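Biologist: Hi! Could you walk me through this structure in simple words?

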Amino acid sequence: MKEQLEAIRKAALEAIAGTQERSELDAVRVQYLGKKGELTAVLKQMGKLSPEERPIMGQVANEVRADLEQAIEAQAAVLAEKALIDKLAAETLDVTIPGKDVKIGHKHPMYIALDEIKDIFVGMGFTVLDGPEVEFAELNFDRLNAEEGHPSRDWSDTFYFDEDSRVMLRSQTSPMQVRAMDTMELPIRIIAPGRVYRKDEVDATHSPMFHQVEGMVIDKNVTMADLKGTLNTVVEKLYGEGTKTRFRPHHFPFTEPSCEMDVQCHKCGGVGCPTCKGEGWIELLGAGMVHPRVLEMAGIDPEKYSGWAFGMGLERTAMRRFKIADLRLIFENDVRFLEQF
Amino acid sequence: MNLSRKWLNEFVTVDVNDKEFAEAMTLSGSKVEGTADMGAEISNIVVGKIVALERHPDSDHMWICQLDIGEAEPVQIVTGAWNIHVGDFVPVAKHKSTLPGGKKIEKGKLRGVVSNGMLCGLSELGLDERDFPYAVITPAAILGDYKPLDPEKPSIPADIQPGHKIYGPVVAAKVNAVENAGVNLWKVSLCNGSGAVEVVTPCQKLHEGDMVALNTKAGSICTLADLHAQQAEFPHCITDGIFILHEEDMVLGADIKPIINADDHVVEFEITPNRPDCLSIIGLAREAAATFGSELRLHEPVVKGGAEGNLIELLDVETPDPDLCPRYTARMVRNVKIAPSPKWMRERLRSMGVRPINNIVDITNYVMLEYGQPMHAFDYRYIKGGKIIVRRAAEGEEVTTLDGNVRKLNHDHLVIADETRAVGLAGIMGGLNSEIVEDTVDVVFESANFNGTCIRKGALALGMRTEASAKFEKGLDILNTLPAVERACELVEMLGAGEVVDGIIDILNYVPNPTVLTLEPEKINALLGTDVSADEMVRILKSVGFQVEGDQVTVPSWRGDVLRMADLAEEVARFYGYNNIPCTLVSGETTQGGYSESQKLEQGLGSVCRTCGHDEIITYSFISPTYYDKIRWAEDDARRASFKILNPLGEDTSIMRTTVLPSMLEILTRNYNYRNKTAKLYEIGRIYLPGNGDGLANEAKMLSIGAYGSEVDFFSMKGVIEAILGEIRAENVRFEAVSDNPSYHPGRCAKVLVDGQEIGVFGQIHPLVCKNYDVDAEFYCAELSFEALMSVRGEDPVYQPLPKFPAVTRDIAVVCDKAVTVGALSDCIRRGAKGLLKDVALFDIYTGTGIPEGKKSVAFNLTLRADDRSLTAQEADEDVKNILDLLSSELNAVLR
């Protein structure tokens, strides 16, 4: 009987080791360890043994069973791993096949530039104001020291809604300076982006409607040095650290002293090229110290308070930021354009 | 404003290159737009002298010249021009030279003969006869050049011989010798067949051996006109030719540039409207002197006068509208000899972009450029009654201006008139009836100051902005009229153009009142954020013409823009250097910046739209009134009442939109026409509604959404709207069918309601609207009120515990009339449930086999759950039964 058991053990271990799939292994288990299996059949003969032999054979039989069960378990693990490898191999994909289309919309490039500017100023404690585009000439001109007779008030330059030239499409965001001074508590730190309108025919650099962002600070002891420092900070954030700027005198009716701010040409680095018309600098914005007369008209004492203000064209900023060559693209809204940003 | 640097150097020595000049001037406030080297394109062109001349052996029209250009050996050049003679000085373009327009000259061969360059004509040097009047060429008709129009019938025989008659007193004659007899004069010896004759002629194209037509009676050599011949008959009888130089002290081999003023450099300035004083050479010279720390050399005009009579007796001036003519200054010149002005004056005018005309007109232009004071010259004989009246025009009065146009005037125009009629438009343009002409003898120079606003309005109304009016409208220095007229008279005497009459008419309708300010250095430094010393401030102010005594600053008369401390601060800052002002950050009380709720909503809405695949667009706020027709609004639709621009660029941009729909449709159409397969767009834009009370518009913001393409339909658009409403946590959302919106498909349009408040409308655009846009596609749009969206925003979220017990789901399919809406069914389902229903989801709508005609089967997936226990199947079934009962009784929808 012992020989019988040893023979079963040997044959069974061989059979187990030879299985390729789980089902084969299960069949081997049934063949040897099942109710009608070979080992079971041998054990059924135990009754015929003498009482002395019975425990000895019993022990041998249990050892054989344990060996087989262990071998089956080990082989099962081997087969499971093999099956997983096969499955993963079968599931291998061509990863270069394009992904499923998820269409996400795009922000207009001009608003991308505007949002950057807004975030910079909000971070410096500025409030963002919104105001009317159909505006009183009084706020757009008179209150900004551009009195009767100023050329920009001409009907050839500005759109009007009444014969008395009283209501107009604002030609600049600067009336928001007046609205801020009239309604807000001092100190004031605001920016006011929005649409403005001038009587320019459409071409590569002009549009009758465009956008500006106005900025103004009014407080005690505000200096032109503050204006320079703040605008330099903004430009560095917009165009990168170390961006060179310069300030040069200019004229606006509502600031004195007035200036324009240039940034060094990104194309040529200041040497002079067609982009900067050989100057090495590109005009970015107009600014200055709020004119004392403008403060007075708003009921603010220029002896106690001073302020600075600036206005910049957004289209130009966006065009420079994204190297857009033609202003008309901004308002054409071709999706092939919009989806580049 | 153009500036000739040569002219500038008369007043201030600035010895830097154009780039440095431009940079420094720009940084001190005179913005340079560009610089131009007048001779940039000219190189290697020198003065040469013709030392020998022979006819080309293989050409009937070319000459071989030997030129002395100051080198060891003469240079040989072949030319096709005939107006050259031995001894002439000419511009020689040497081998490897360049001409204006980028033309390059190199040596070569002409019909086998070596030519080492080119002789230049006026036009090749970028010049014309106005620059060098003496270079006008008068060509003779040379009989050898004759080409009969009809070869069968020549009017001059090819074998004509000296002495043969051509017509009347005109006979053929042969040139024996040509000798120069002065500028453009030639002594020519001729053989007329019977003997030798000598004539003096201005014709420059004659050479020994030429056969010419000699008028024996007049003793002249015939031109084309004399022979009544056509140009085609004498192909080389043209006014073109080489530029023969008649200049003093010419050096052979010297650069041509100084002779033709190509050594000047012109700087173009952008002058801001507050600085009309800089619209002059002297004004810019003052700025340049202050910028470079150089001395400003001004010149006091000196007039000898002494002509017969006295101006006071000859001329009377009246200014009945003194406020429009604060000052009128005049002087008079007699025995004028109209002639071209001298070369130096013509060159300066040309450099500044002004065309030379004649000495008197050129003087007025010269003084305007130099002093910035517009001048006008009248012909005295046309001033009736010897009286000039500066008055308002009569209503409907007419005057013909110098440009030949008849101008109809009204009471707002200011005219210069005599006793009978207007002779000019004050400050804008002179009149044709008193123009300076060839035979003008007596001239009145007007140097006046007119009211800027009056001139500006007048020029604008007539659509004729001139250089003079552009200056006057900015407000000119009232003290400048006298020096300017003196300068004009000085120039008249200098040029020998006439005799100046003693006496000056100078009418002053103003009280001189210079602005005097107190210099407050600490306030200036406080405004600028600088630490400039008081001495430095005084130095700067003095350098630009301010007088400073103690702390009192007297503003010069030409600086009407300087009125207070801030203006002085700008003067200080300009020359201290804007870029020397330090950079500091805003100090003082801190402020809380940030975005308002409405700005945050705007950002949020944009973000949802983009997440849904929509691109942001920007459209014009103004539209054409016809766009309301395109979107099929009724003629009497109240929404057509729009803000109307009285002076629009065109009809398409003439009214402020009261709807965003046409703007979106225009952009969708454009993309469709560009063959973009899909476009999904949005804009948060304004509409401009009248009736705000204060005269301004109610500028309401709208969220405008539009789309077309294969994936786009009514429900995709509805999905976007639901996403938006979800994002703002709107509750009690309802969609109601709209069949009467003229812009939308009557069966595919809905309005959006939140808590009963209408938020907007969306749907498929009416096919007839699409047809109006010539589009054969389905467009979908939505128009949502930003204000309404703002008001229906839900509360901030509060955490709800996650369910602890499992849900039971049941699918039901009911059959009902087709007209019953899914909205009605699901509403009914919700009401039928007894508190366990958590969600209803539509999953199928079916018509066809098995469903009776006129009916449909609608299937829902119901989710039921209790928060405190696991539901039993029995509980769920009871709820479902209730639901089905209500569906059946209310909507006649029965379980399928």
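Modeller: Sure, here is a short tour of the contact, a sheet and some backbone details.
Modeller: This is a predicted model, in which local features need pLDDT of at least 70 and side-chain atom pairs count only at pLDDT 80 or more, while totals for chains, interfaces and linings use all residues. Residues are numbered from 1 along each chain as its sequence is written, and chains are lettered from A and ligands numbered from 1 in the order in which they are written.

Biologist: Thanks! How many residues does each chain bring to the contact?
Modeller: Chain A brings 72 residues and chain B brings 76 residues. Two residues are in contact if their C-beta atoms, placed from the backbone, lie within 7 Å.

Biologist: Which helix gives the most on the side of chain A?
Modeller: That is helix H8 (residues 224–239) of chain A, with eight residues. Helices (H or I, at least four residues) and strands (E, at least two) are DSSP runs, numbered from the N terminus.

Biologist: And what kinds of residues make up that side of chain A?
Modeller: There are 33 nonpolar, 17 polar and 22 charged residues on the side of chain A that touches chain B. Here Ala, Val, Leu, Ile, Met, Phe, Trp, Tyr, Cys and Pro count as nonpolar, Asp, Glu, Lys and Arg as charged, and the others, Gly among them, as polar.

Biologist: New topic: what is the strand order in the open sheet of chain B?
Modeller: The seven strands follow the order S34-S37-S38-S42-S41-S40-S39, with mixed pairing. Strands S34 (615–616) and S39 (733–737) of chain B are at the edges with a single partner strand each, so one side of each has no neighbour in the sheet. Two strands pair if DSSP finds at least two bridges between them.

Biologist: How many bridges join S37 to S38 in chain B?
Modeller: Eleven, and these two strands run antiparallel. Gly685(B) stands opposite Met702(B) in S38(B).

Biologist: Where are the cis peptide bonds you wanted to show me?
Modeller: One runs from Leu186(A) to Pro187(A), with omega near -5°, and Pro187(A) lies in the loop between helix H7 (175–183) and strand S4 (188–197) of chain A. Another runs from Glu256(A) to Pro257(A), also with omega near -5°, and Pro257(A) lies in strand S7 (residues 255–264) of chain A.

Biologist: What about the phi of Arg675(B)?
Modeller: Arg675(B) has a positive phi of about 60° although it is not a glycine. Most residues other than glycine have a negative phi.

Biologist: Is Arg675(B) buried or exposed?
Modeller: Arg675(B) counts as exposed, with 6 C-beta neighbours inside 10 Å. A residue is buried if 20 or more other C-beta atoms lie within 10 Å of its own, exposed if 12 or fewer, and partly exposed in between, with C-beta atoms placed from the backbone.
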